[in-house]
Amino acid sequence: QCAAVCPTAAIVPKSHVDRVWDEVQADDTYVVAQVAPAVRVALGEMFGMKPGETVTGKITAALRMLGFDAVYDTSFGADLTVAEEAAEFLERRTAGERLPMFTSCCPAWVKFAEQSFPELLPNLSSCMSPQSMVGSLVKRTVPEETGVDASRVKVVSIMPCTAKKYEAQRPELSREGEPYVDHVLTTAELGRMIQEAGIRFADLPASSMDLPMGFSSGAGVIFGNSGGVAEAVARYVGDGETLNVAVVQGIAEAKDLAREVREGRSDYDLIEVMACPGGCIGGAGQPVSFEHETHSRRAEGLRENDAAMPLRRSSDNPFIGRYYEGILGGRPGSHEAHELLHTEYRSRKRIEDAQIPLVTGRGERKVAVRVCVGTSCFLRGSQDLLTRLIHRLADDGLEELVDINATFCSERCNLGPTVHIDDEVIYGATVDAVTERVRELTGMLVAG
Ligand code: SF4
């Protein structure tokens, strides 16, 4: 999200453009593209079109001109995700366990949960994201169908998302050393490839995606909007079911709700989390826009796509049914479906409150010293200050009266290094200044 809002483009996503050019130009590769829902209502912005204008057919035509061998729709993966997630949810509800269920299609949320709420990982749906489901099925079926050696079938995702680049590299999302997704282009990166190729995008005639994975229901398309995943699951679970659903956008909101769940203060059945504002339509890989209405127009564009689809529920997608009849074990939630479409998570827990205790005095009343080691303070020498301070306080015989912590204070970063001593703050701190103040305060402790 820093990349999406930085006015000077000081932060940009790491580009996969060069490696994708290499793949599509190689003679012996079969390169499959998959296009996420949110891309189709944003890419046109790079070619003079309005946000929200649907350009699915032009994207497909452009990808064929760039050299892709097949073009699939990540919304097909979204339909599969809905089928699997709904089956998983109903199973948990019947058993009365691991509820509320959190969605797992946003890799930024999944990683945040792994780092900050590992105790909630059993509550996350074990479904892979739509990107990985499509990648997994392509790698499983396309070598056989095309006769191309499995190592030469490559999957390139076109995503509104920078976190999907990270997701594609997760070792769990691979089979026999082959990742399900080889490269991830952001919407903006695909736009640049189209520009580099000299294609007049706005004038392209529409082209259709390839079957079977180029077909999706309306439910698969609204995955790109915040609330879309929950709605798609609700459509699938169907009549007569009452679900208590929460829809969360942004990690700050997710953190609050995760705390409620951890503390048993939530009575939701299903919680959808998307890390970006508005969901994937506001992803950091989308064309940068500072226009107020861009997100709402893209969201409206996806809703119009949904309304125009002949089939609205994921369960109505006939090609999903064919995969279940074939390699997916006959029904959502089968053993085979778990093998091909589910994953697992692990704790990557970081220190809970961002405070690292270094020296803890033994007395009952102590002076609390917290040295900020955030990036700005670090660059201003706070790490060195911290080390020297520990030695100085020990040399001066004050260590028993002081608790020293490294911390990340995020306050007035331009004035660092910052040191908090009890309730006081010293900006531009030096070892001498901190020691002097500590000496005064510990003197009061001893005296008082
Ligand atoms: Fe990626 Fe943002 Fe969508 Fe999450 S919400 S999958 S981070 S674009």
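Here are three exercises with worked solutions on a predicted model.

Local features need pLDDT of at least 70 and side-chain atom pairs count only at pLDDT 80 or more, while totals for chains, interfaces and linings use all residues. Residues are numbered from 1 along each chain as its sequence is written, and side-chain values use heavy atoms, with hydrogens and water left out.

**Exercise 1: rings**

Work out how the rings of Phe 112 and Phe 117 are arranged.

*Solution.*
- Start with the rule: rings of Phe, Tyr and Trp (its six-membered ring) pair if their centres lie within 6.5 Å, and planes under 30 degrees apart are stacked, over 60 edge-to-face, the rest tilted.
- Searching the whole structure gives 6 aromatic pairs.
- For Phe 112 and Phe 117, the ring centres are 5.9 Å apart and the planes sit at 55 degrees, so call the pair tilted.
- Now check burial: both Phe 112 and Phe 117 are buried (under 20% relative accessible area, with exposed over 50% and partly exposed in between; 1.4 Å probe, protein chains only).
- Finally, widen the view: Phe 102 and Trp 109 join Phe 112 and Phe 117 in one aromatic cluster.

**Exercise 2: a buried acid**

Find where Asp 182 sits and which partners its side chain has.

*Solution.*
- Locate it: Asp 182 is in the loop between β6 (178-179) and β7 (183-186); strands here are DSSP runs (E, at least two residues) and helices are H or I runs of at least four, numbered from the N terminus.
- Get its accessibility: the relative accessible area of Asp 182 is 15%, so this residue is buried.
- List the contacts, using N or O atoms within 3.5 Å, where one must be able to donate a hydrogen and the other to accept it, and sequence-adjacent residues count only if both atoms are side-chain atoms. The Asp 182 side chain meets the side chain of Lys 139 at 2.8 Å, and also reaches the backbone nitrogen of Val 155 at 2.8 Å.

**Exercise 3: the largest pocket**

Describe the lining of the largest pocket.

*Solution.*
- Define it: on a 1 Å grid over the protein atoms alone, a pocket is an open set of points with protein on both sides within 12 Å along at least five of seven lines, and lining residues have an atom within 4 Å of a point.
- Count the lining: 33 residues, with Cys 106, Pro 107, Ala 108, Cys 161 and Ala 163 nearest the centre.
- Trace the elements: α1 (2-5), α4 (74-95), α5 (107-116), α6 (130-146) and α7 (163-168) each give two or more residues to this lining.

Terms used. 1 Å grid on protein atoms, 1.4 Å probe; cavity = no way out; pocket = protein on both sides within 12 Å on 5 of 7 lines; lining within 4 Å.
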